[in-house]
Amino acid sequence: VNLSMSGAPGADVKSGALRARVVTESWGEHNLYCPNCTSPILVARDDVESGFECPRCGSGYRLKCQKTRIGHSFTDGPYTTLTRAIRRGDAPGYFVLHYEIVPPLGGENVRQIVDGAWVVRNLVLVPGAALATEAIVKGPDGVGCRIVLDSLPAAARIPIITTIKSSSAGDTECIMISRPEEVREKFRQFKK
Ligand SMILES: [Zn+2]
């Protein structure tokens, strides 16, 4: 797993949110693997925003990126699309990625988006089979939704990349990367 993301894809994209999606999706194509089978890769889908698919077992996933730490919930697309998928038993798994753009030295200006280094801080996998409609709430616009992690069993939050910052001891960082076998074993608990 590569912790740094290339900012090159989408370097010409003006919107920050769209740019982040292009950068993280490109990272996902090179670093995500299927937790449901032994496939070492996932393929990005053109027809679903942030969608990925396993070329071997066909499992579907979404890669949701955010600049803030992974908290109690994360946002997704239409509420009805997801709740219907949960009822049908084919909700996608979610990779929730927390990234940071580390500004170049002395660069607190607009150019940091272009010149800063994109770094993966945390990555958590939520199996689709662990989702329940009770854990999905409508967003403020009434269309989108939020997936409430606190409403899911703790085991549904499978850590893949974890950065622990110690505030004492001179800002040291500890980065833990789970082995794919570990992730697949935890994911398997939610298979029917
Ligand atoms: Zn697979």
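Cys 34 and Cys 37 are both buried. The structure is a predicted model, and these two cysteines belong to its zinc site.

**Zinc site**

The zinc ion is held at 2.3 Å by the SG atoms of Cys 34, Cys 37, Cys 54 and Cys 57. Along the chain, these donors are spaced as C-x2-C-x16-C-x2-C. The angles subtended by the 4 donor atoms run from 102 to 117°, and the arrangement around the zinc ion is therefore tetrahedral. The assignment follows because four donors count as tetrahedral if all angles lie between 85 and 135 degrees.

**Two residues and their exposure**

Thr 24 and Ile 177 may be set side by side.

| Residue | Element | Relative accessible area | Class |
|---|---|---|---|
| Thr 24 | helix 1 (residues 16-31) | 1% | buried |
| Ile 177 | strand 11 (residues 173-177) | 42% | partly exposed |

Thr 24 is classed as buried because its relative accessible area of 1% is under 20%. Leaving aside residues up to four places away in sequence, Thr 24 touches Met 5, Leu 63, Cys 65, Leu 97 and Tyr 99.

Ile 177, by contrast, has a relative accessible area of 42% and is therefore partly exposed. Ile 177 also takes part in a nonpolar patch on the surface, together with Val 1 and Ile 175. The accessible area of Val 1, Ile 175 and Ile 177 together is about 250 Å².

Technical notes:
Residues are numbered from 1 along each chain as its sequence is written. This is a predicted model: local features need pLDDT of at least 70, side-chain atom pairs count only at pLDDT 80 or more; totals for chains, interfaces and linings use all residues. Side-chain values use heavy atoms; hydrogens and water are left out. Donors are N, O and S atoms within 2.8 Å of the metal (3.2 Å for Na, K and Ca); water is not among the atoms, so sites may look incomplete. Four donors count as tetrahedral if all angles lie between 85 and 135 degrees; four count as square planar and six as octahedral if opposite donors are over 155 degrees apart and all others between 65 and 115; anything else is irregular. Buried means under 20% relative accessible area, exposed over 50%, partly exposed in between (1.4 Å probe, protein chains only). Patches are made of residues with over 30% relative accessible area and no salt bridge: like charges are joined within 9 Å, nonpolar side chains (Val, Leu, Ile, Met, Phe, Trp, Tyr) within 5 Å. Accessible areas come from the Shrake-Rupley method with a 1.4 Å probe; for residues, only the protein chains shown count as cover. A salt bridge is a side-chain nitrogen of Lys or Arg within 4 Å of a carboxyl oxygen of Asp or Glu. Helices (H or I, at least four residues) and strands (E, at least two) are DSSP runs, numbered from the N terminus. Contact means heavy atoms within 4.5 Å.
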